[in-house]
Amino acid sequence: MSLTPKSLYRDEGIVLRTQKLGEADRIITVLTRRHGKVRAVAKGVRRTKSKFGSRLEPFSHVDLQLYTGRNLDIVNQAESIRSYGNDVVDDYPAYTAGTAVLETADRLTSEEKEPSLRLFLLVVGALRSLADRTHPAGLVLDAFLLRAMSVAGWEPALSDCARCAEPGPHRHFSVPAGGSVCPACRPTGSAMPNPVTIELLDALLTGEWDLAEASQGTNRREASGLVAALLQWHLERGLRSLALVDRS
C-alpha cells in the first residue's frame with residue numbers, strides 16, 4: 001500500500017490505553033496535540049522483537065507517524081518523548097492518580113479526531129507533575145479534573161450561585177445544580193461543605209498551589225469527594241480508576 005501525503009500524518013500524543021488485537025497487534029488510543037483522540041493499530045508490537053512496542057504503553061508521550069486506515073489508523077513510526085509510566089509506576093498515589101487522569105481524558109473525548117489542545121496540555125502537565133513529584137498526587141489529580149471539566153464546559157460555580165448567578169459565597173453546594181447555590185435556588189439535599197474546602201477547590205482550579213498545599217487532610221478529602229461527584233454526574237457514570245485513588 002503506497003502512502004500518499006494525504007494519508008500520512010505526524011503528531012505527538014499521550015497513550016491513554018491499549019487493547020490486544022489478534023496474536024501480535026495492539027490497538028492504542030492516543031490523545032494527540034492536533035488531531036484529538038486517535039485509535040490506531042500498532043502492528044506486531046506484542047512480539048519480543050518489536051521495534052517500538054515499549055514506546056506505546058499507557059502514560060507514554062510519543063511522537064507518532066500514522067496513516068489513515070478505513071476504520072482504524074495505522075502506526076507507522078513511534079519515537080519516545082517521555083515515558084511517564086517509568087516515574088509513577090512505583091508510587092501508588094502517583095500511579096493511581098495518573099490512571100484516573102488517563103481514563104478521564106479518554107471519557108471526555110467521546111468524538112475521535114476532534115482536536116482538544118487544552119485537554120492535551122492538561123494531561124501532559126498533570127503527568128509531568130505526578131512524575132516529578134511537583135505537588136501531592138491527590139491535589140494534582142483534583143486540579144486536573146476541575147480544569148478538564150472547565151474545558152468541557154462544566155466548570156463548577158464556586159462563589160456565585162450556579163443557577164441564578166447571585167453573588168456569593170454561598171453556604172450550600174449542589175452537584176446536580178453545578179456548584180454553589182444561594183438560599184433561594186438551593187435544591188433539597190444540598191451539601192454544606194466547609195468554606196475552606198471551597199477555597200481549596202478554587203485554588204486548584206486557578207493554580208494557587210501555595211494555598212492548596214497548605215490545606216488540611218479533611219478539606220482535601222471533602223474537596224476530592226465533591227470533584228468526583230461533579231465529574232461522575234456530568235459523565236453520567238462512574239470512573240473505575242477513581243475508586244483506586246489513594247486519598248490518605
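**Exercise 1. In which sense do S3 and strand S5 pair, and over how many bridges?**

Solution. Start by finding strand S5, residues 73–83, in this predicted model. Next, set S5 beside S3: the two pair in the parallel sense, over two bridges. To see one bridge for yourself, pick out Ala-40, whose partner in S5 is Asp-73.

**Exercise 2. Describe how S3 is joined to strand S2, and say how many of the residues of S3 are buried.**

Solution. Let's take S3 first, which spans residues 36–42. Buried here means under 20% relative accessible area. Six of the seven residues of S3 are buried, so the strand is mostly covered. Now look at strand S2, residues 25–32, which pairs with S3 in the antiparallel sense over seven bridges. The link between S2 and S3 is a hairpin of three residues. Thr-32 gives you a handy landmark, as its bridge partner in S3 is Gly-36.

**Exercise 3. Trace the closed barrel: which strands form it, and in what order?**

Solution. Begin with S1 and S2, which run antiparallel and are joined by eight bridges. One pair to look for is Gln-19 with Ile-27, its bridge partner in S2. From there, follow the order S1-S2-S3-S5-S4, which gives a closed barrel of five strands with mixed pairing. From one strand to the next, the twist averages 45 degrees.

**Exercise 4. Which strands does H2 lie across, and which does H3 touch?**

Solution. Take H2 first: this helix lies across S1, S2 and S3, and runs at about 110 degrees to S1. Then turn to H3, which packs on the sheet and touches S1, S2, strand S4 (60–67) and S5. The direction of H3 makes about 65 degrees with that of S1.

**Exercise 5. Find the largest nonpolar core: which residues touch the most other members, and which element gives the most?**

Solution. A general idea helps here: in soluble globular proteins, nonpolar side chains tend to be buried together. The largest nonpolar core has 53 residues, and Ile-14, Val-123, Leu-127 and Phe-144 touch the most other members. Elements giving two or more residues to this core include strand S1 (8–21), helix H2 (92–108), helix H3 (117–132) and helix H4 (137–151). H4 gives the most, with 10 residues. Now zoom in on Phe-144: leaving aside neighbours within four places in sequence, Phe-144 is in contact with Val-101, Thr-104, Leu-119, Leu-122, Val-123 and Ala-126. Finally, another core of 15 residues lies apart from the largest one, and among its members are Tyr-9, Val-45, Leu-64 and Leu-66.

Notes. Residues are numbered from 1 along each chain as its sequence is written. This is a predicted model: local features need pLDDT of at least 70, side-chain atom pairs count only at pLDDT 80 or more; totals for chains, interfaces and linings use all residues. Side-chain values use heavy atoms; hydrogens and water are left out. Buried means under 20% relative accessible area, exposed over 50%, partly exposed in between (1.4 Å probe, protein chains only). Helices (H or I, at least four residues) and strands (E, at least two) are DSSP runs, numbered from the N terminus. Two strands pair if DSSP finds at least two bridges between them. A nonpolar core is a set of buried Ala, Val, Leu, Ile, Met, Phe, Trp, Tyr and Cys residues joined through side-chain atoms within 4.5 Å. Contact means heavy atoms within 4.5 Å. Axes are lines fitted to C-alpha atoms, for helices over the stretch in contact, and angles run from 0 to 180 degrees between N-to-C directions.
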